[in-house]
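This report examines how one helix is placed among its neighbours and how charged side chains pair across the chain. Please keep the sequence and the structure in view while reading.

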Amino acid sequence: MVQSEVQSEVQFDNSYARLPERFFTKIAPEEVPAPEMVLFNTELAAQLGASDWDPAVFAGNVIPDGADPLAQVYAGHQFGGWSPRLGDGRAVLLGEAITEQGRFDIQLKGAGRTPYSRNGDGRAWIGPVLREFIVSEFMQAAGVPTTRALAAVRTGARVQRERAFPGAILTRVAASHIRVGTFQYFTAQEDLEAVKLLADHVRARHFPEADGTLGLYEAILAAQARLIAKWMGLGFVHGVMNTDNMAISGETIDYGPCAFIDGYSPKAVYSSIDRQGRYAYEQQPSIAHWNLAQLGSCFVPLMEAELGSQAQAIDALSEVLNRFPALYQAEWRQVFGAKIGLADAGEDDVALVQDLLALMAKDGADFTNVFHGLSDGTARDWMLDREAFERWSERWQARRSSDYAALMARANPAVIPRTHRIEQAIEASLAGDDSLAKRLVRVLSTPFDLAEADRDLIQPPAEDEVVAQTFCGT
C-alpha cells in the first residue's frame, strides 16, 4: 500500500478517526491486481476539488495524501431482528474531502475484508456497483437526498457468488456514513459516553443549529420525513430499510435490492429477501417511524441526564416521535401536490391524489408515465379505465394551480432507472460492453429533460423483460 500525492488538490481529513478507537478499526483496503475505470463522475469530482483522479485510488491500491482509512462499527435491526455487531464488512472509509460546501465522506465499497466481514469476502462484483452508481446519481438529479457515486472500477479479480463475476469497487460519497445502528451499537454496550460523543459529532457535522438532544432528535425526524416523502413521489422501493441502512444525515444509503415501481401497486415488493413484505412501498413511512423509535430509545440516557428523570426523558422524546406522522404527511402533500400541479396542497387535496393512485393501482398503470403524462396530455394513454380517468381529470383541471405546468415539470421525471434496463446494462457489462451503463448515467443525469433519441427508455418492461425480484448481491 502506497501513499499518493497525485490527489494533492483534494483536502483530505478524517474527523471520525478522532473519535475513540472503539468507534472503528483502522484498516487499509486490500490491493487488487488490475484497476480499470468503468464509470467516473467528473461533475462530482470537480465539486470535491479534483478533476484528475488515479484509478488506483478508487481500487484501494493507493491511499490519497491525508486520508486515514478505517471501517466503522455499528449494529442494527435487520427485518426486525436484532444484530448486535455489524459494521463495514466490505467498505473502507478513506476520510473526508473538505470543500466549500462542507465535508464529504469518501468510502470504497467492496474494498476487502474487515473485522466486521463475518463470513463474507469483503468484495463486490460489477452488477451491484453499476446499479448503485446509476440509481444514486439519478436520485441526486431528481432532488432526493442521497449518497453519491464518484467512480466504479473493475478490480481485475473474480468474485465468487452463485458463479464467478468480475470484481468491482464503488467509490461512495456521503455527508457521512453514521447510521441509526451506530447509536444502537453503543447503546447496547451501555456506553453512554460513546453515545454522547456520537451525538455531539452528528450535531456538529449535520445539524449545528439543533438545541440539545431533543433538538437533534427533532432535526433527524424532519430530515427523514422529507426523505421518505421524496421516495414515495418517485415510486422508489428501498428494499432493506434496516436500522443499519438508515443514515442519520437524512440521505438515501445502501442501494441493494432497490427498485422503482413500473405498474403501480402500493404493496410493491422487489427484494428477494423481503418475503413478508415488511419493506413494501406502502410500508416505508411506518418503517421509518419504527426505526426512529429505536433511535429515540438511544437518546433516553442523554435526555435523562439533561432533564433529571427517565420518565421525563421518555415523555419528551415520545412527544417528538409522535409528531413524525404529521411531519411526513405534510411532506407527502407537498411532494404529490407538486406532481399534480397544486401549489399549496391541503387536506382536501389528499383525496384527489389518492383517487388517482387508486385508479392507477386498479389498472396497474405505469407510475412514472402517468404522472409525467399529466403535463403533456398523455396520462390517459397509460390508463386502462379511461372513462374513470377522464372523470378524475375533470376534477383535477378544476383544482390545479395557474402555474401547474411549471410545478409539474420539476416534480415528474420523464425517465427513471427501470430495473430491466439496469439488468440489461449489467449483462452487457459482463460481456465487455459498458455503453448501456454509460448511456443510462448520461440520460438519468437530466431526468426531466428527455431527448427524442432516448424516448425508448420511458417504456415499461415487456412481459419477457419484467424483473420480479432484485438481489443485494454485493
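In this predicted model, the buried residues of helix α9 pack against α6 (212–234), α7 (284–307), α8 (310–321), α10 (347–363), α11 (367–376) and α13 (404–409). The buried residues of α9 are Phe324, Tyr328, Trp332, Arg333, Val335, Phe336, Gly337, Ala338 and Lys339. An α-helix has 3.6 residues a turn, so residues three or four places apart point the same way.

The length of the helix can be checked by a short calculation. Helix α9 covers residues 324–339, which is 16 residues, and at 1.5 Å a residue it should span 22 Å. The expected span is 1.5 Å times one less than the number of residues. The C-alpha atoms at the ends of α9 are 22 Å apart, in agreement with the expected span. After α9 comes Gly341, which has a positive phi near 80 degrees.

The second topic is charge pairing. Side chains of opposite charge can pair when their charged atoms come close. A search of the whole structure finds 36 salt bridges. The table sets out three of them.

| Salt bridge | N to O distance | Relative accessible area |
|---|---|---|
| Arg103 and Asp13 | 2.8 Å | Arg103 29%, Asp13 17% |
| Glu36 and Arg154 | 3.4 Å | Glu36 40%, Arg154 12% |
| Asp121 and Arg161 | 2.8 Å | Asp121 30%, Arg161 26% |

Which parts of the chain does the pair of Arg103 and Asp13 tie together? Arg103 belongs to strand β10 (residues 102–109) and Asp13 to strand β2 (residues 12–13), so the salt bridge ties together parts that are 90 residues apart in sequence. Arg103 is partly exposed, whereas Asp13 is buried, since buried means under 20% relative accessible area. Both residues also take part in a network of salt bridges that links Asp13, Arg18, Glu96, Arg103, Asp105 and Arg205.

The salt bridge between Glu36 and Arg154 likewise links distant parts of the chain: Glu36 is in strand β4 (residues 36–40) and Arg154 is in strand β12 (residues 148–160), 118 residues apart. Here Glu36 is partly exposed and Arg154 is buried.

The side chains of Asp121 and Arg161 also meet in a salt bridge. Asp121 lies in the loop between β10 and β11 (124–125), and Arg161 lies in the loop between β12 and β13 (164–174), 40 residues apart. Asp121 counts as partly exposed, and Arg161 counts as partly exposed too.

Note on methods. Residues are numbered from 1 along each chain as its sequence is written. This is a predicted model: local features need pLDDT of at least 70, side-chain atom pairs count only at pLDDT 80 or more; totals for chains, interfaces and linings use all residues. Side-chain values use heavy atoms; hydrogens and water are left out. Helices (H or I, at least four residues) and strands (E, at least two) are DSSP runs, numbered from the N terminus. Buried means under 20% relative accessible area, exposed over 50%, partly exposed in between (1.4 Å probe, protein chains only). Contact means heavy atoms within 4.5 Å. A salt bridge is a side-chain nitrogen of Lys or Arg within 4 Å of a carboxyl oxygen of Asp or Glu.
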